[in-house]
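Me: I am new to this structure and would like to go through it by question and answer. Please keep the replies plain.

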Amino acid sequence: MMILGRLDFVVNKLLTLLCMVCFTGLFAILGLNVFFRWVPVLSVFPSFSMGWFDEIVQMLFAWMVMTASSLLCRNSDHFKVNLIQMKLEGKKSLYVLEFVIHLATIVFFAALMYYGWILVEGAVQTTPVLKMQMKYLYMCIPFNAFIMLAYTVRDAVVMFGKILI
C-alpha cells in the first residue's frame, strides 16, 4: 500500500507540474500575441511571424484541460449533482449508489481511453505551420483517460469496501 501511496504522490506532482507548464506557456504565448498586436515589432522584423501560435495554444490548452481533469478526478473535485446523495446521507444505500456511479464512470473512461487511442493511431494530419503531428495533441485523451480510470477504480474499490462493512 505504501508503494501505491508514493506512486499517487509522484503522479500528483507530475500532473500538477504539467498543468502549470501548460498554463504558463499559454499565458506567455497569448501575452506575446496581444503585445505584438499593439507594438509594431513585426514591421521592424518582417521575417518574424506569430502564425505558429494558434497551433501551440491549441496543444497547450488541450493538455492543460485534460490534465487538470485528471487532478480533479484524483481529488473527487469534479462538479456533481448530489441531490440523491444528500437524501441518502448516513444510509448504506448511499455507498451502493456511489459504487454504481463509479462503475458507470469506469465504463466511460475505458471507452474514452480506447477510442482516444484509436484517434491517436489514426491521426495522420500535421499542423499547417509547424508540421507537428496531430498525434501529440490527441495523445492527451488516452493518457489522461487512463489516469482518470485508475483513480476511479481506486474510488470504486474504496466504496465497495464501505458496502461490505
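Me: Which class, nonpolar, polar or charged, has twelve residues in the lining of the largest pocket?
Reply: The model is a predicted one. In the largest pocket, one lining residue is polar and two are charged. The class with twelve residues is nonpolar.

Me: Which element gives the most to the lining of the largest pocket?
Reply: The largest pocket holds about 440 Å³ of space and has 15 lining residues. H1 and H7 each supply at least two of them. With nine residues, the element that gives the most is H7.

Me: Asp8 is among the residues nearest the centre of the largest pocket; with which residue does Asp8 form a salt bridge?
Reply: Opposite charges on side chains can pair when the charged atoms come close. For Asp8, the closest N and O atoms of the pair are 3.0 Å apart. The partner of Asp8 is Arg74.

Me: How many residues apart are Arg74 and Asp8?
Reply: Asp8 belongs to helix H1 (residues 2-38), and Arg74 to helix H3 (residues 53-74). The pair therefore links distant parts of the chain, and the separation is 66 residues.

Me: Is Asp155 buried or exposed?
Reply: Asp155 forms a salt bridge with Arg154, with the closest N and O atoms 3.0 Å apart. Arg154 is partly exposed, at 32% relative accessibility. Buried means under 20%. Because Asp155 has 14% relative accessibility, Asp155 counts as buried.

Me: Which element gives the most to the lining of the second largest pocket?
Reply: The second largest pocket has a volume of about 340 Å³, and its lining has 16 residues, with His78, Lys80, Ile101, His102 and Thr105 nearest the centre. H3, H5 and H7 each give two or more residues to this lining. By class, the lining has six nonpolar, six polar and four charged residues. Five residues come from the element that gives the most, H5.

Me: What kind of aromatic pair do Phe99 and Phe160 form?
Reply: There are four aromatic pairs by the rule used. Phe99 and Phe160 lie 5.4 Å centre to centre, with 40° between the planes. Planes under 30 degrees apart count as stacked and over 60 as edge-to-face, so this pair is tilted.

Me: How many residues apart in sequence are the parts that Phe99 and Phe160 tie together?
Reply: Phe99 is in helix H5 (residues 92-122), whereas Phe160 is in helix H7 (residues 140-164). Phe99 is buried at 18%, and Phe160 is partly exposed at 39%. The pair ties together parts whose separation in sequence is 61 residues.

Terms used. Residues numbered from 1 in each chain as written. Predicted model: local features only at pLDDT ≥ 70, side-chain atom pairs only at ≥ 80, totals over all residues. Heavy atoms only, no water. Salt bridge = Lys/Arg side-chain N within 4 Å of Asp/Glu carboxyl O. Helix = DSSP H or I, 4+ residues; strand = E, 2+ residues; numbered from the N terminus. Buried < 20%, exposed > 50% of the residue type's maximum accessible area, 1.4 Å probe, protein only. Phe/Tyr/Trp six-rings, centres within 6.5 Å; stacked < 30°, edge-to-face > 60°. 1 Å grid on protein atoms, 1.4 Å probe; cavity = no way out; pocket = protein on both sides within 12 Å on 5 of 7 lines; lining within 4 Å. Points joined across faces, edges and corners; volume = space filled by probe spheres on them. Nonpolar A, V, L, I, M, F, W, Y, C, P; charged D, E, K, R; others polar.
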